[in-house]
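Which contacts and covalent links can be read from the atoms of this chain, and where along the sequence do they fall? The paragraphs below go through the packing, the cross-links and a few backbone details in turn.

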Amino acid sequence: MDYDTSNPTFVVVGDLNGDGKEDLVASNIDTPDSLFVGSVSVFTGNGDGTFQPGVAYPAGERLNYVAIGDFNGDGKPDLVAVDGGVGGAVITLLNTGVVTFSPTTPLTFPAQLLGTTSTPLTATLTNNGTAPLTVSSVSYSGKPFHAQSNCKGSIAPGGNCTITAMFTAETAGITTGTVTLHDSASSKPQVVELVGTGTEVKFTPSQLNFGTQKVGTHSATKSFQVTNIGSSSFDFTYKIYVAGYGGNGYLQFHEANNCPTTLAAGASCTVKLIFAPKQKGTVNAAVVFTDTGGGSPQNFPISGTGD
């Protein structure tokens with residue numbers, strides 16, 4: 001039997017869900033959605049030599065080994081993986097028992113302008129057990145984060161509850177926090193990780209649409225402003241990437257002028273663009289900024305339709 005997973009590197013066998021049936025775990029170089037994020041895939045055993053389709057849990061960059069063991073002393077088998085990526089790490093994934101979280105990844109907020117607050121992100125907790133689940137407490141940590149939940153109390157079998165969090169950017173760069181739950185599914189706390197990134201790089205407007213343009217002609221110039229709202233200068237470079245074409249494919253968008261490579265605190269510069277479609281249809285692209293202002297790389301969306 002063939003069971004799909006993403007470039008597997010190692011496989012181990014063990015009963016992960018306590019049903020007396022052996023399950024499979026594969027470490028993977030990537031995930032179905034990204035070539036740059038590693039993962040482990042869990043294939044739940046049916047007890048007759050066959051397995052359910054794999055569930056991928058993103059972890060690290062390029063996982064090359066996985067093992068099973070109880071690493072937090074709660075009596076449940078956990079996973080440990082070795083990351084062969086650039087960062088290099090040993091990553092532990094703790095078993096949440098009858099509790100599942102969706103998404104399985106941390107609640108990761110898009111780059112947020114300093115001094116502003118994000119839109120809320122939500123994680124759903126589901127009781128997959130046959131008995132009610134009791135959540136005795138829910139708390140959160142991490143100064144830039146605020147979280148609330150309706151999970152405290154009893155959750156019926158098959159029932160769920162939600163954890164909602166927001167992020168207020170206070171400093172440039174990545175900040176992490178946690179939502180911690182104590183429940184009857186484990187003798188140890190269960191954690192939802194929060195990840196937020198503050199940025200000093202402000203774009204005005206937030207995107208450009210060139211509308212419809214005749215193939216073989218070029219549009220009027222459109223522009224957007226890049227502003228450093230921080231207290232110190234940052235360095236940056238940028239390049240246009242066209243979706244589906246790679247790099248500057250077919251040069252359907254052209255940059256009319258250049259911003260400097262360093263932008264002082266409080267300063268702004270203007271990026272001017274024109275759209276010159278080579279074929280009919282909508283072209284989605286982005287001006288990709290690599291910078292030291294937090295949140296790099298950042299994509300400024302641009303689009304147009306060839307007619």
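In this predicted model, I302 touches L208, I240, F253, L273, V283, N284, A285, A286 and V287, when residues up to four places away in sequence are left out of the count. I302 also belongs to the largest nonpolar core, which has 23 residues, and within that core I302 is, together with F224, V226, L273, V287 and F289, among the residues that touch the most other members. The strands β18, β19, β20, β21 (234-242), β24, β25 and β26 each supply at least two residues of this core. A second core, separate from this one and made of 22 residues, includes F101, L107, V135 and C151. As a general background to such groupings, nonpolar side chains tend to be buried together in soluble globular proteins.

The cysteine C151 leads from the packing to the covalent cross-links, of which the model has two, both disulfides. C151 is joined to C161 with an S to S distance of 2.0 Å, and because the torsion about their S-S bond is about 100 degrees, this disulfide is right-handed. C151 sits in the loop between β13 (145-149) and β14 (153-155), whereas C161 sits in strand β15 (residues 160-167), so the pair ties together parts that are 10 residues apart in sequence. Both C151 and C161 are buried.

The other disulfide is formed by C259 and C269, whose sulfur atoms are 2.0 Å apart, and with 105 degrees about the S-S bond this link is right-handed. Here C259 is placed in the loop between β22 (253-255) and β23 (262-263), and C269 in strand β24 (residues 268-275), with their positions 10 residues apart in the numbering. Are these two cysteines buried or exposed? C259 has a relative accessibility of 9%, and because buried means under 20%, C259 counts as buried; C269, at 9% relative accessibility, counts as buried too. When the bonded cysteines of the chain are numbered in sequence order, the pairing reads 1-2, 3-4.

Beside these covalent links, a search of the whole structure finds one salt bridge. The partners are K214 and D307, and their closest N and O atoms are 3.7 Å apart, which lies inside the cut-off of 4 Å that applies to such a pair. Because K214 lies in the loop between β19 (208-213) and β20 (222-228), and D307 in the segment after β26 (298-306), the pair ties together parts that are 93 residues apart in sequence. D307 has a relative accessibility of 38% and therefore counts as partly exposed.

Some backbone details remain, and they concern cis peptide bonds and a positive phi angle. A cis peptide bond joins T204 and P205, with omega at about -5 degrees, and P205 has its place in the loop between β18 (201-204) and β19. The peptide bond from S296 to P297 is cis as well, omega being near -5 degrees, and P297 is found in the loop between β25 (281-291) and β26. Finally, N7, in the segment before β1 (8-14), has a positive phi of about 50 degrees although it is not a glycine. With a relative accessible area of 43%, N7 is partly exposed.

Terms used:
Residues are numbered from 1 along each chain as its sequence is written. This is a predicted model: local features need pLDDT of at least 70, side-chain atom pairs count only at pLDDT 80 or more; totals for chains, interfaces and linings use all residues. Side-chain values use heavy atoms; hydrogens and water are left out. A disulfide is a pair of cysteine sulfur atoms within 2.5 Å. Helices (H or I, at least four residues) and strands (E, at least two) are DSSP runs, numbered from the N terminus. Buried means under 20% relative accessible area, exposed over 50%, partly exposed in between (1.4 Å probe, protein chains only). A salt bridge is a side-chain nitrogen of Lys or Arg within 4 Å of a carboxyl oxygen of Asp or Glu. A nonpolar core is a set of buried Ala, Val, Leu, Ile, Met, Phe, Trp, Tyr and Cys residues joined through side-chain atoms within 4.5 Å. Contact means heavy atoms within 4.5 Å.
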